[in-house]
Amino acid sequence: MNVGPAGLTANLWALIRAQALARHWELSDAMFAEIDGFALVQGWAISRHRSRHVYRDPRFDRVVLCCTCGGDGKGEGGRACRTCKGDGLLNFFEPPRRGAGA
Ligand SMILES: [Zn+2]
């Protein structure tokens, strides 16, 4: 392989950049290790970025605003909404509750 001084310099900078990036990710992993471990135990989803980690509980995907009351939990006459029992939210993965609401 025939590489001139300009090519060698470019390769050297690429190598330094790659190593710096790898060190950055290692440092990020070390900094967030405890929090990431907690999130994994809780079953949260983790979005890893260079300098921040975003945690999200996937159970929020199951919850939507009640379509009957619009999320305020109030039904006719100031009583609790009959659909969501006054919660304002509906969870599609939980069976409906029996009995009186709230
Ligand atoms: Zn409702």
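**Aromatic contacts and overall make-up of a predicted model**

Me: How many aromatic pairs does a search of the whole structure find?
Reply: Rings of Phe, Tyr and Trp (its six-membered ring) pair if their centres lie within 6.5 Å. By that rule, the search of the whole structure yields one aromatic pair.

This is a predicted model, in which local features need pLDDT of at least 70 and side-chain atom pairs count only at pLDDT 80 or more, while totals for chains, interfaces and linings use all residues. Residues are numbered from 1 along each chain as its sequence is written, and side-chain values use heavy atoms, with hydrogens and water left out.

Me: Is the pair of F38 and W44 stacked or edge-to-face?
Reply: Planes under 30 degrees apart count as stacked, over 60 as edge-to-face and the rest as tilted. The ring centres of F38 and W44 are 5.5 Å apart, with 85 degrees between the planes. The pair is therefore edge-to-face.

Me: Why does F38 count as partly exposed?
Reply: Buried means under 20% relative accessible area, exposed over 50%, and partly exposed in between (1.4 Å probe, protein chains only). W44, its partner in the pair, is partly exposed because its relative accessible area is 27%. F38 counts as partly exposed because its relative accessibility is 46%.

Me: Over the ring of which residue does the charged end of R62 sit?
Reply: A charge sits over a ring if NZ of Lys or CZ of Arg is within 6 Å of the ring centre and within 35 degrees of the ring normal. The charged end of R62 is 5.0 Å from the centre of the ring in question, that of F93.

Me: What percentage of the 102 residues in the protein chain is buried?
Reply: The count covers the protein chain of 102 residues. Buried residues make up 13%.
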